[in-house]
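User: I am new to this structure and would be grateful for a close look at one part of it. Please describe how the strands in that part are arranged and which residues face one another.

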Amino acid sequence: MKHGAVFAITGVLAGSLVPFQRVSPLVGTTLAGVAQHAAPPAPPGPPDPQPAAPYTYQGTVHSVQAKTGTLELITGVGHALRLVQMRVPIGLQVAGTAGGASLGVRGVKPGDVVRVLCHRAGGSLVADKVEKLKPTP
């Protein structure tokens with residue numbers, strides 16, 4: 001009987017009903033129920049989108065493209081310099097300018113020292129806040 005039970009389990013999992021002739025109908029029904037419940041659960045759905053991680057860059061403005069709304073910033077990482085390009089949305093306030101705040105990338109020019117808070121969207125950096133800093137002597 002033990003030998004038949006092993007064949008019955010193998011037959012249920014493989015989809016063959018031939019080994020059930022050696023096992024009582026009660027055992028075959030129970031094993032078939034176990035095999036139905038042994039199916040793997042459905043994979044979970046996609047995870048909830050998480051907010052984009054914020055990035056902070058501080059450096060010198062290398063170039064400003066007002067038409068495309070892009071800003072290139074030179075930053076220092078250890079002994080290396082990096083050129084970081086980001087999009088600046090139209091109407092973003094630039095803090096720290098003379099007269100309060102100005103609109104968009106027109107508030108900064110090459111050579112200005114800025115701090116930019118941004119996030120990744122669509123494979124590129126997008127500025128959330130631009131703050132013009134006073135250069136240190």
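Analyst: In this predicted model, a convenient place to begin is arginine 87, which stands opposite valine 126 in strand S7. A second such pair is formed by methionine 86, whose opposite residue in S7 is leucine 125. The strands concerned are S3, covering residues 80–87, and S7, covering residues 124–133; two bridges link them, and their pairing is parallel.

Each of these two strands also has an antiparallel neighbour. On the side of S7, the neighbour is strand S6, made up of residues 113–121, and nine bridges join this antiparallel pair. Within the pairing, alanine 127 of S7 is the bridge partner of cysteine 118. S6 and S7 form a hairpin with two residues between the strands, and glycine 122 there adopts a positive phi near 65°.

For S3, the antiparallel neighbour is strand S2, which spans residues 70–77 and is paired with S3 over eight bridges. Here glutamine 85 in S3 lies opposite glutamate 72. S2 and S3 likewise form a hairpin with two residues between the strands, where glycine 78 has a positive phi near 65°.

Taken together, the part can be followed from strand to strand: S2 pairs with S3 in the antiparallel sense, S3 pairs with S7 in the parallel sense, and S7 runs antiparallel to S6.

Conventions: Residues are numbered from 1 along each chain as its sequence is written. This is a predicted model: local features need pLDDT of at least 70, side-chain atom pairs count only at pLDDT 80 or more; totals for chains, interfaces and linings use all residues. Side-chain values use heavy atoms; hydrogens and water are left out. Two strands pair if DSSP finds at least two bridges between them. Helices (H or I, at least four residues) and strands (E, at least two) are DSSP runs, numbered from the N terminus.
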